[in-house]
Amino acid sequence: MNQQDEEAFFERERKRMVDEQLRRRGIHEPRLLKAMLKVPRHRFVPLEHRHLAYVDGPLPIGAGQTISQPYIVALMTQLLLLEGDEKVLEVGTGSGYQAAILGELARVVHTIELHAELAERAHRLLQELGYQNIHVHIGDGSLGLPEFAPYQAIIVTAAAPKAPLALLEQLDEGGRLVIPVGGQWGQMLERWTRHGSQFEQEEFVPVAFVPLRGEAGWKENHWEQE
Ligand code: SAM
């Protein structure tokens, strides 16, 4: 296949992904569907798995980490209720795919990744694809990124023992934190919304993520809390 044929093939795959995996499961926000149709997910997947880029599941991206299932990326993004003018924090850059979707839907995105090699690869690809509103940081994001707070939306793409207080504190008034909470045997997708000094907590669907590490995460190689 030449490059043009390959791009046309992936575009058809992307359309099928949106129709069969997202629309059919109730993802309805038009801006989000447009972003999922636009972002070339296959570019965020390692070459050896590229042919599987649009399947209905997560894929390995190296360093023992994964790019999340398209439906979960869409669902978590939909729960953030983005309208276009937000400053968003993502904890767990991984491949950079979720960050690209956020970059399509918000004003500015800060994304932080513990593994330097993943962060660097994501940064290079996002630059190549022209995302000037996405800033990739290397480090422990379990306590957030206070220098750019407050955020109107925060998304954590790894499983936390509980919603870290530091992240709740970095939410703007009315801001939303979407985070998988739980351990090795399963987690619940939670949304926390700030109302002054109070937080409203909602629970959505069971999910299965790799562990959040760092200060407010799980201990290295264990799911026990530090
Ligand atoms: N959002 C990613 C994407 O679109 O490809 C998928 C993220 S993957 C499921 C979870 C990521 O969280 C991993 O890359 C992992 O290294 C990262 N991570 C785990 N603990 C972290 C922490 N404390 N700070 C920053 N990143 C962390």
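A polar side-chain atom of E90 comes 2.9 Å from a nitrogen atom of the ligand, and that's a handy place to start with this predicted model. Taken alone, the ligand exposes 600 Å², and the protein buries 99% of that. Below: the ligand site, then a core residue, a helix residue and a few backbone oddities.

**The ligand and its shell**

- Which pocket does the ligand take up? The space it fills is the largest pocket.
- The ligand has 28 residues around it, and the closest are S95, E113, D140, G141 and R213.
- R213 also makes a polar contact through its backbone: an N or O atom there sits 2.8 Å from a ligand nitrogen.
- T157 joins in with its side chain, where an N or O atom is 3.3 Å from a nitrogen atom of the ligand.
- So for polar partners of ligand nitrogens you can look at the side chain of E90, the side chain of T157 and the backbone of R213, with the 3.5 Å limit for N and O pairs in mind.
- Which elements each supply at least two residues of the shell? They are β2 (65–67), β3, α4 (97–105) and β4 (108–113).
- Of the contributors, β2 has the largest share of the shell, at three residues.

**L89, in strand β3**

- L89 belongs to strand β3, which covers residues 87–91; β3 is also one of the elements with at least two residues in the ligand shell.
- Is L89 buried or exposed? It counts as buried because its relative accessible area is 0%, and the cut-off for that label is under 20%.
- Setting aside residues up to four places away in sequence, L89 touches H110, I112, G144, L145, Y151, A153, I154, I155, L167 and Q170.
- V109 is 20 residues away from L89 along the chain, yet their C-alpha atoms are separated by just 5.9 Å.

**Q21, in helix α1**

- Q21 sits in helix α1, which runs over residues 3–22.
- With a relative accessibility of 9%, Q21 falls under the 20% cut-off and therefore counts as buried.
- What does the side chain of Q21 reach at 2.9 Å? The partner is the backbone oxygen of Y54.
- Y54 is also on the contact list of Q21, which leaves out neighbours within four places in sequence and reads R16, Y54, V55, D56, P70 and Y71.

**Backbone oddities**

- Some background first: most residues other than glycine have a negative phi, and most peptide bonds are trans.
- Is the peptide bond from A149 to P150 cis or trans? It's cis, with omega near 5 degrees.
- P150 itself is found in the loop between β5 (134–138) and β6 (151–156).
- A63 has a positive phi, near 55 degrees, and isn't a glycine. Its place is the loop between β1 (59–62) and β2.
- A63 is partly exposed because its relative accessibility is 37%, which lies between the 20% and 50% cut-offs.
- L81 is another non-glycine residue with a positive phi, near 55 degrees. You'll find L81 in the loop between α3 (70–79) and β3.
- L81 has a relative accessible area of 47%, so it counts as partly exposed; the exposed label would need over 50%.

Methods: Residues numbered from 1 in each chain as written. Predicted model: local features only at pLDDT ≥ 70, side-chain atom pairs only at ≥ 80, totals over all residues. Heavy atoms only, no water. Helix = DSSP H or I, 4+ residues; strand = E, 2+ residues; numbered from the N terminus. Buried < 20%, exposed > 50% of the residue type's maximum accessible area, 1.4 Å probe, protein only. Contact = heavy atoms within 4.5 Å. Near = heavy atom within 4 Å. Polar contact = N/O pair within 3.5 Å; in protein donor to acceptor, adjacent residues only side chain to side chain. Areas by Shrake-Rupley, 256 points an atom, 1.4 Å probe, with all protein chains shown as cover. 1 Å grid on protein atoms, 1.4 Å probe; cavity = no way out; pocket = protein on both sides within 12 Å on 5 of 7 lines; lining within 4 Å. Sits in = over half its atoms within 2 Å of the grid points.
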